[in-house]
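Reader: I am new to this structure and would like to learn how to read it feature by feature. Could you give me the general idea each time, and then the case at hand?

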Amino acid sequence: MLFMVIQYNHNFNTGENKMKAFFIHNPRRIEDLRKPHLIEEEYECEIVKKIELTSIDYENFITDMYADRQFIENNSELCSEGKVLRCLFICQNGNSDGILVVPEYTSFVKMAAYIQEFDIS
């Protein structure tokens with residue numbers, strides 16, 4: 001059975017932003033992230049920071065995730081791998097969908113997941 005479901009638990013009192021998502025290693029573009037998958041292939045993750053980009057910057061990011069990005073480098077120290085992936089939520093300003101990113105080498109996307117209709121303040 002295939003799923004593309006995001007399980008999301010947010011506790012505004014503690015600041016906890018945990019969910020499960022399907023991560024792809026070294027994605028090139030957003031299309032690489034939009035794949036059917038087994039629910040067992042999802043990783044537990046926690047959003048450590050939301051980064052909103054302008055329309056042109058977001059379009060540039062989702063069409064070439066191999067490029068180094070200053071906004072990832074500036075926040076990479078917040079992220080980590082482990083039982084729970086600590087990741088950045090990158091979205092276009094004003095939109096509710098976006099990309100979860102676990103960086104590698106400070107400014108490079110090592111792992112990413114696409115999520116839709118997500119709200120984090």
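Author: Let us begin with pLDDT, which is the predictor's confidence in each residue, on a scale from 0 to 100. This is a predicted model, in which local features need pLDDT of at least 70 and side-chain atom pairs count only at pLDDT 80 or more, while totals for chains, interfaces and linings use all residues. Residues are numbered from 1 along each chain as its sequence is written, and side-chain values use heavy atoms, with hydrogens and water left out. Here the mean pLDDT of the protein is 85, and 83% of its residues reach 70 or more.

Reader: Which elements of the protein have the lowest and the highest mean pLDDT?

Author: Elements are DSSP runs numbered from the N terminus, where helices (H or I) need at least four residues and strands (E) at least two. Strand β1, residues 7–11, has the lowest mean pLDDT among them, at 40, and α1 has the highest, at 97. Over residues 1–14 the pLDDT is below 50, and this stretch has 34 contacts in the model beyond near neighbours in sequence, a contact meaning heavy atoms within 4.5 Å.

Reader: How many helices and strands does the protein have, and in what order do they run?

Author: There are two helices and seven strands, and from the N terminus on they run β-β-β-β-α-α-β-β-β. Among contacts between residues at least 6 apart in sequence, 64% join residues at least 24 apart.

Reader: How should I read burial and the nonpolar core?

Author: A residue is buried under 20% relative accessible area, exposed over 50% and partly exposed in between, with a 1.4 Å probe and protein chains only. By that rule, 41% of the 121 residues of the protein count as buried. A nonpolar core is then a set of buried Ala, Val, Leu, Ile, Met, Phe, Trp, Tyr and Cys residues joined through side-chain atoms within 4.5 Å. The largest such core has 20 residues, and those with the most contacts inside it are Phe61, Met65, Ile72, Ile90 and Ile99. Two or more residues of this core come from each of β4, α1 (55–63), α2, β5, β6 (98–104) and β7 (108–115). A second, separate core of 14 residues includes Met19, Cys45, Leu100 and Ala113.

Reader: Which residues does Ile72 touch?

Author: Leaving aside residues up to four places away in sequence, Ile72 touches Phe61, Leu88, Ile90, Val101, Pro103, Thr106, Ser107, Phe108 and Val109. Ser107, in the loop between β6 and β7, is buried at 6% relative accessibility. With the same sequence limit, Ser107 touches Ala67, Asp68, Arg69, Ile72 and Glu73.

Reader: What is an aromatic pair, and how many are there?

Author: A pair of aromatic rings is described by the distance of the centres and the angle of the planes. Rings of Phe, Tyr and Trp (its six-membered ring) pair if their centres lie within 6.5 Å; planes under 30 degrees apart count as stacked, over 60 as edge-to-face and the rest as tilted. By this rule the count is three aromatic pairs. In one of them, the rings of Phe61 and Phe71 have centres 5.6 Å apart and planes at 75 degrees, so this pair is edge-to-face. Phe61 lies in helix α1 and Phe71 in helix α2, 10 residues apart; Phe61 is buried at 0% relative accessibility, and Phe71 is buried at 18%. Tyr66 and Phe108 form a tilted pair, 6.3 Å centre to centre with 35 degrees between the planes. Tyr66 is in the loop between α1 and α2, while Phe108 is in strand β7, 42 residues apart.

Reader: Are Tyr66 and Phe108 buried or partly exposed?

Author: Tyr66 is partly exposed because its relative accessibility is 38%, whereas Phe108, at 17%, counts as buried.

Reader: How do I read polar contacts, and what does His37 reach?

Author: A polar contact is a pair of N or O atoms within 3.5 Å; within protein, one must be able to donate a hydrogen and the other to accept it, and residues adjacent in sequence count only if both atoms are side-chain atoms. His37 lies in the loop between β3 (24–25) and β4 (43–53) and is buried at 4% relative accessibility. Its side chain reaches the backbone oxygen of Lys35 at 3.3 Å, and a polar contact of 2.8 Å joins the side chains of His37 and Glu42. Another polar contact, of 3.4 Å, joins the side chains of Ser107 and Asp68.
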